[in-house]
Structure formats: structure tokens, C-alpha cells
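Biologist: Could you walk me through this model? I would like to start with how the strands pair up.

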Amino acid sequence: MKRNALIVWGGWDGHEPEQVAHIFKRILEEENFRVEVSNTLDAYQDPEKLKSLDLIVPHWTMGEIEKKYVLNISEAIMSGVGLAGCHGGMCDSFRNNVDWQFITGGNWVAHPGNDGVEYTVNIKHSSSPILEGFHDFKVVSEQYYLHIDPAVEVLATTRFPVVDGPHAANNAVDMPVVWTKRWGQGHVFYNALGHQANIIEMPEVSLIMRRGFLWAAEGKQRAEGLAVSTFGSFGNGNGRVYSGMGDSQ
């Protein structure tokens with residue numbers, strides 16, 4: 001049975017959102033998803049359509065979004081729809097919307113040294129099977145420093161500082177790179193890697209995203225009481241629901 005996914009791309013061109021969206025579409029189609037790709041935030045305007053999905057994949061950087069669209073997304077995820085994305089396409093999407101940051105579990109604040117920094121992604125042992133079989137690996141890209149929701153389950157980290165700067169006056173810190181969290185009945189997955197399409201195409205990164213998509217999409221099946229069998233092997237009420245969010249300030 002095909003599942004339904006929506007990819008919404010746009011915002012800052014430096015993250016190559018259209019190219020990344022096409023990579024994500026290919027991965028999802030290989031996993032038997034029916035995929036809709038949109039380059040407008042109006043894709044979030046129909047709450048019932050969003051609730052009919054299995055997975056939402058945002059890839060939009062440094063934009064502004066209507067509050068009602070974030071509420072629609074929130075309620076869809078609360079009902080079991082998954083949310084999965086990467087880098088600035090998910091955790092630097094809407095800097096002025098704290099509700100979005102609450103849903104996703106973190107927000108970008110810096111990348112010391114900018115692009116081209118060589119650093120290590122350290123895999124953590126956890127209850128999640130998403131990074132099962134992975135080993136630490138190096139990447140040359142932006143090293144994301146984020147402000148993180150303490151509720152997330154951290155699956156991989158990277159250590160700061162790598163390059164000098166005012167932050168280096170502090171003790172070394174292990175910054176989350178990959179995490180999961182819950183939002184109502186929905187699964188939320190994030191991977192800080194993915195500055196441009198060539199990073200997404202790295203075998204480690206593309207596999208992390210593939211597994212993250214599958215895990216996030218499981219929430220819908222679990223919410224509907226269906227048996228979940230597609231993830232694990234990793235083969236190649238009335239009225240509006242309470243949103244869990246206060247008014248944006």
C-alpha cells in the first residue's frame with residue numbers, strides 16, 4: 001500500500017532547496033510513497049489534506065509563515081502524520097515563529113567557520129534503531145550550532161569547538177546532529193547535515209534521511225492501530241484539536 005508524502009521547498013537558494021527536494025522525492029518513491037512536491041507554503045493551507053498524509057518533509061529556509069499554517073501542521077502531526085527534514089530546511093525555516101521551533105525540537109543559531117569545516121559525526125547508542133549499524137564519520141560542511149529542546153532523543157552529536165571563536169572560551173560541548181521527538185501521536189525526525197545537495201548525496205547522509213523518513217511515517221500507522229512492518233529492516237474527538245502551543249509573541 002502506498003503512503004502519501006508532501007515535500008515543500010523554498011526560501012534561501014543557497015541551500016539548493018529544489019535539488020534537495022528532488023533527491024528526497026527519489027528516496028521516498030523508492031520506498032513506495034506517493035509524493036507531492038510544492039514550492040509554496042500555501043501547500044499547508046488545507047488542514048484536512050495535511051491530516052490525510054503519512055509524512056511532511058519541509059525544506060524551506062529563512063522564510064515567514066502564517067500562524068494558521070503552523071497550526072495546521074501541528075494538528076496534522078498530533079494526529080500521527082510524520083515530520084522529517086534536515087539542516088536549515090527544517091530548523092532554520094521560520095526564525096520568527098517559536099511554535100515551529102517547539103514542534104521541530106531546535107533552532108539554528110550559528111555555524112562557526114562557515115562552510116568547509118571538517119568535523120566528526122559521533123553516533124550515540126540509544127533505544128532508536130535509526131542509526132543501527134552506523135559508525136562515526138567525517139563530513140566537510142557547515143557544523144551546526146543549535147538551541148535544542150531538552151525533550152529530544154539524541155541519536156548523533158558533534159563536538160565544538162573545531163574552529164576558534166568566542167564560543168571556544170567555553171568548555172567543549174557535544175551538539176546534537178540527529179534527533180527524534182514526539183508531537184502528540186506524530187513522529188518528528190531531524191538531521192542537521194545537508195547544507196547542499198552534495199552533502200545529502202553522501203551515502204551516510206542519504207541513508208540517515210531514508211531511515212528518518214520511514215520512522216517518521218510510522219506514527220500515522222501506529223495512530224490508526226495498524227501493524228507496522230515497513231520500518232526496522234531498513235531495506236534499501238470533535239472540533240479542532242488543542243494545538244499544544246501558545247500564541248506567538
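Modeller: Happy to! First a definition: two strands count as a pair if DSSP finds at least two bridges between them. Please keep in mind that this is a predicted model.

Biologist: Thanks! Which residue of strand 2 is the bridge partner of Arg-3?

Modeller: Strand 1 covers residues 3-11, and strand 2 covers residues 33-38. The two run parallel and are joined by six bridges. In strand 2, the bridge partner of Arg-3 is Phe-33.

Biologist: What is the handedness of the crossover from strand 1 to strand 2?

Modeller: On leaving strand 1, the chain passes through helix 1, residues 17-30, before it enters strand 2. That path is a β-α-β crossover, and its hand is right-handed.

Biologist: And in strand 3, which residue is the bridge partner of Leu-6?

Modeller: Strand 3 spans residues 55-61 and runs parallel to strand 1. Seven bridges join these two strands. The partner of Leu-6 in strand 3 is Ile-56.

Biologist: Is strand 1 largely enclosed or not, and how many of its residues are buried?

Modeller: Buried here means under 20% relative accessible area. Strand 1 is largely enclosed by the rest of the structure, because the buried residues among its nine number seven.

Biologist: Stepping back, what radius of gyration does the protein chain have?

Modeller: The protein chain has seven helices and 11 strands, and 55% of its 249 residues are buried. For a compact globule with 249 residues, one would expect a radius of gyration near 18 Å. The protein chain agrees with that, at 17 Å.

Definitions and conventions:
Residues are numbered from 1 along each chain as its sequence is written. This is a predicted model: local features need pLDDT of at least 70, side-chain atom pairs count only at pLDDT 80 or more; totals for chains, interfaces and linings use all residues. Side-chain values use heavy atoms; hydrogens and water are left out. Helices (H or I, at least four residues) and strands (E, at least two) are DSSP runs, numbered from the N terminus. The radius of gyration is taken over C-alpha atoms; the globule rule is 2.2 Å times the number of residues to the power 0.38. Buried means under 20% relative accessible area, exposed over 50%, partly exposed in between (1.4 Å probe, protein chains only). A crossover is right-handed if, with the strands pointing away from the viewer, the path from the first strand over the helix to the second runs clockwise.
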